[in-house]
Amino acid sequence: MAAPTMEHNNHSSNDFCHLKRTDSSKSESPSEDVFELVQKEIGGDLKSLKKVSGLLEKLTLENKQLEEQVLTVSSSVPLRVSAALSAAEESRVKLESTLEKERLLSNTLQQHLQGSQVWADSIGQVLGQLDTLERHMKYLQCLARIEELSDSIQQYLMTNSVWDAVGAVDRMASLDMGLRESGCSHLQDFLRDTLRFWHKILKDKLASDFEEVLTQFHWPFISPPTQTLSPPANAQEINSQLELLIMLLPLSKRFRYHFTGNRQTNNLSKPEWHLTQVLIWMGNSANFMDEKIQPILDRAGAKVNAKVELCRGLLTLAQEKLAHEAPRLLYDDALFCHLVDEVLQFEKELRSTHSYPRAYPGVLHILLEETVFQKWLSVERKMAVEKVDAMLSAEGAWSSQYKDITDVDELKAPDCAETFMTLLLVITERYRSLPCPRAQLNFLALQKELVDDFRIRLTQVMKEESRQPLSPRYCAILNAANYISTVLSDWGDNIFFLQLQQAAVSVGEEILGPLGATETGRLASLEGSLFEALLALLERLRGDMLGRLLDAVMRDVKEKAQSYCKDRWISLPSQSDQATMSLSSSACPMMLCLRDHLLQLQQMLCLPLFQMFWQGLAERLDCFIYEELILYNHFNEGGAAQLQYDMTRNLFPLFGHYCKRPENFFKHVKEACIILTLKVGPALLLCDVLKQSEEDDYLLTHQQPSPESALNELGVYKLAPSDAQILLNLRSAWLNQ
């Protein structure tokens with residue numbers, strides 16, 4: 001019995017495993033839930049199979065309950081649908097009933113409206129008539145108001161109540177403002193005609209009173225007012241009347257009488273006549289405006305300067321006159337230049353003498369009108385070029401008028417250069433007061449053009465004189481280039497040109513040409529200058545001329561130094577064999593040549609240029625003597641001592657007049673003399689240091705001093721160790737003794 005039981009258990013276990021594999025292979029089928037349920041209730045224990053019957057009964061019961069619920073729901077759905085249909089039918093019936101009522105009500109309302117339309121039309125007609133009557137009434141009221149105001153004005157004028165009449169006119173003007181949107185064109189025309197009528201009457205009345213009062217004050221002041229003029233008897237009454245009046249008409253009449261038409265005073269070639277007359281009237285009327293008119297304005301609370309307002313009124317006369325005359329002078333250079341000069345002078349006196357505020361325009365804007373301004377630029381250019389031609393061809397063009405005054409003539413500028421910069425300064429003063437930066441930049445461009453043209457002329461004259469670079473004229477040209485460069489550098493730091501520099505950043509490219517991002521940035525940060533390009537060109541010219549001058553002097557010096565360079569330096573007697581040391585006879589021509597050139601050029605060149613010259617000459621002499629004399633020869637003790645004496649006691653002192661330590665400009669020669677005149681012991685030690693520095697093991701030991709430190713202890717800083725070795729070899733003839 002045991003064997004069959006075991007077989008049954010194995011069979012059941014196999015079936016369960018098979019069920020599990022089947023469920024695993026169909027994990028996505030509906031039996032997955034069944035499998036999970038079996039696993040949960042029974043598990044893998046075969047002893048739990050007795051629960052299967054209970055599980056089956058439970059599931060059967062649940063299945064039956066579900067079927068009953070489905071049957072219940074299925075039987076209740078038709079009942080709900082039937083109820084919904086019944087409700088819908090009931091709503092439809094109510095809607096139809098409501099629509100029928102609405103139709104009946106609409107018909108009734110339509111009949112009522114048709115019946116009331118007759119009444120509405122009748123009432124609308126009555127209202128339209130009332131509106132028309134109302135507009136007619138207002139129209140008539142406006143006419144009555146106009147007539148009333150006109151009667152009032154007439155009554156006021158008859159009783160000499162001028163300012164009451166002015167008030168009535170003001171009220172009439174307010175009425176006109178209120179009718180602007182009315183569309184009553186005929187009424188508006190009538191009202192404005194009435195206003196013009198009374199305005200003319202009032203103006204004539206005030207002008208008559210004004211002239212009478214001003215006459216009692218002796219206005220206008222054609223000549224300077226006298227201090228002894230006694231006040232009129234009724235001065236208080238006149239002052240009270242003056243508070244009511246205005247006063248430019250008499251002067252305007254006089255101006256037009258004298259400076260228009262066929263009067264002799266209306267002369268196109270004499271603009272100073274009418275401009276001077278305007279300035280005279282301003283000056284003569286100043287005290288009157290301050291003492292009589294200004295207090296009236298102050299009492300009225302008007303923030304107005306009476307004198308300035310009179311100047312403004314008089315300026316309109318001058319402006320109209322100039323605007324009419326300027327275009328007529330465009331084809332006559334002489335008359336046009338005269339007009340420009342007079343306008344500039346008038347503007348200057350207006351701002352300075354009469355303190356006319358710069359916030360108000362003067363007369364300069366007349367010159368800034370495009371055609372007039374272009375003519376002005378053209379004439380300035382033409383006259384400047386003519387003056388440059390004249391100054392360069394003058395007899396004393398290349399001499400300085402201050403040559404005999406040492407304290408004044410530091411830059412030794414020739415007359416042509418000084419006159420040229422004065423010309424540029426005059427041009428600057430002429431356009432400095434222009435109110436338009438763009439116009440000022442146009443004049444700046446003209447100045448730069450003139451400077452560049454003058455530089456080219458200097459270059460041409462320099463090339464003609466380049467065969468004689470030591471001539472006074474050549475040095476004068478060099479002084480001229482330096483003088484112009486110095487003045488332009490100073491101008492670059494001037495406030496006026498710094499302001500123009502800022503203006504050039506924004507609008508300068510239209511006038512001065514493309515500036516480039518770098519140049520624009522330099523100008524904006526004030527690192528650069530408006531004259532930077534010109535200064536670079538002048539610096540190049542100055543450097544080229546200095547180079548030619550140095551070449552000429554060095555050619556002369558080298559020629560005089562040939563015998564000195566070929567002396568027998570290796571066989572000269574020692575210092576102990578000579579009673580006293582003296583300059584080598586072969587060095588005398590070279591020294592005299594240097595002295596003469598230095599004295600001559602000190603007189604002909606300005607101080608900054610002469611400093612550049614002698615320093616450049618010292619540098620070239622240092623290289624020449626070191627390379628052509630020292631390195632070219634061998635020296636015994638006497639030769640080295642003689643060379644040192646010639647340099648330290650003769651050559652260096654020649655330059656000692658211009659600096660405290662001239663030997664610092666001859667470092668090669670000075671240090672070469674130090675090495676050549678070393679005693680035998682120090683020379684041998686230095687030679688050993690230099691030789692050991694060339695050995696490989698020297699790099700691994702630091703017991704010996706470096707060649708540089710050894711040279712520094714001797715006072716040698718410029719020459720390299722290799723140079724020192726070469727110099728030691730030049731004294732080898734006595735070093736090996």
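Start with Gly-261. This glycine follows helix H7 and has a positive phi, near 75 degrees. Keep in mind that we are looking at a predicted model.

Now helix H7 itself. The helix covers residues 249–259. Which of its residues are buried? Pro-250, Leu-251, Ser-252, Phe-255 and Phe-259. Hold on to the two phenylalanines, Phe-255 and Phe-259. They come back in a moment.

Arg-256 is also in H7. Its relative accessible area is 38%, so Arg-256 counts as partly exposed. Arg-256 forms a salt bridge with Glu-320, with 3.3 Å between the closest N and O atoms. Glu-320 sits in helix H9, residues 306–325, so the pair ties together parts that are 64 residues apart in sequence. Glu-320 is partly exposed too, at 48% relative accessibility.

Back to those phenylalanines. Both Phe-255 and Phe-259 are in contact with His-274. Where is His-274? In helix H8, which covers residues 271–299. Is His-274 buried or exposed? Buried, because its relative accessibility is 2%. The rest of its contact list, leaving aside neighbours within four places in sequence, is Lys-321, Leu-322 and Glu-325. There is a polar partner as well. The His-274 side chain reaches the backbone oxygen of Pro-271, at 3.3 Å.

Next, Phe-346. This residue is in helix H10, residues 333–352. Phe-346 is buried, with a relative accessible area of 2%. What does Phe-346 touch, not counting residues up to four places away in sequence? Leu-275, Val-278, Leu-279, Leu-315 and Val-363. Take Val-363 from that list. In sequence, Phe-346 and Val-363 are 17 residues apart. In space, their C-alpha atoms are 8.3 Å apart.

On to the nonpolar cores. How many residues does the largest one have? The count is 155. Phe-613 and Ile-630 have the most contacts inside that core. Look at Phe-613. Setting aside neighbours within four places in sequence, Phe-613 is in contact with Leu-546, Leu-549, Leu-550, Val-553, Leu-598, Leu-601 and Leu-605. Apart from this core lies another, of 15 residues. Its members include Cys-142, Ala-165, Met-172 and Leu-195.

Now helix H17, residues 532–560. Here Arg-542 forms a salt bridge with Glu-539, and the closest N and O atoms are 2.1 Å apart. Why is the separation about one helical turn? Because Arg-542 and Glu-539 are three residues apart in the helix. Their exposure classes are worth stating. Arg-542 is buried, at 13% relative accessible area. That follows because buried means under 20%. Glu-539 is partly exposed, at 35%.

How many salt bridges are there in the whole structure? A search finds 28. One more of them is Arg-595 with Asp-596, whose side chains meet at 3.1 Å, N to O. Arg-595 is partly exposed, with a relative accessible area of 39%. Asp-596 is partly exposed as well, at 38%. Elsewhere, Glu-89, Arg-92 and Glu-96 are joined into one network by salt bridges that share partners.

A polar residue next: Gln-642. Its helix is H21, residues 637–655. Gln-642 is buried, because its relative accessibility is 7%. Which residues does Gln-642 touch, once those up to four places away in sequence are not counted? Trp-569, Leu-572, Gln-578, Met-581, Ser-582, Leu-583 and Ser-584.

Last topic, cysteines. The structure holds zero disulfides. Two cysteines to point out on the model. Cys-436 is partly exposed, at 28% relative accessibility. Cys-623 is partly exposed, with a relative accessible area of 31%.

To recap. H7 and H9 are linked through Arg-256 and Glu-320. His-274 in H8 is in contact with Phe-255 and Phe-259. Phe-613 and Ile-630 have the most contacts inside the 155-residue core. And Gln-642 is a buried residue, at 7%.

Terms used: Residues are numbered from 1 along each chain as its sequence is written. This is a predicted model: local features need pLDDT of at least 70, side-chain atom pairs count only at pLDDT 80 or more; totals for chains, interfaces and linings use all residues. Side-chain values use heavy atoms; hydrogens and water are left out. Helices (H or I, at least four residues) and strands (E, at least two) are DSSP runs, numbered from the N terminus. Buried means under 20% relative accessible area, exposed over 50%, partly exposed in between (1.4 Å probe, protein chains only). A polar contact is a pair of N or O atoms within 3.5 Å; within protein, one must be able to donate a hydrogen and the other to accept it, and residues adjacent in sequence count only if both atoms are side-chain atoms. Contact means heavy atoms within 4.5 Å. A disulfide is a pair of cysteine sulfur atoms within 2.5 Å. A nonpolar core is a set of buried Ala, Val, Leu, Ile, Met, Phe, Trp, Tyr and Cys residues joined through side-chain atoms within 4.5 Å. A salt bridge is a side-chain nitrogen of Lys or Arg within 4 Å of a carboxyl oxygen of Asp or Glu.
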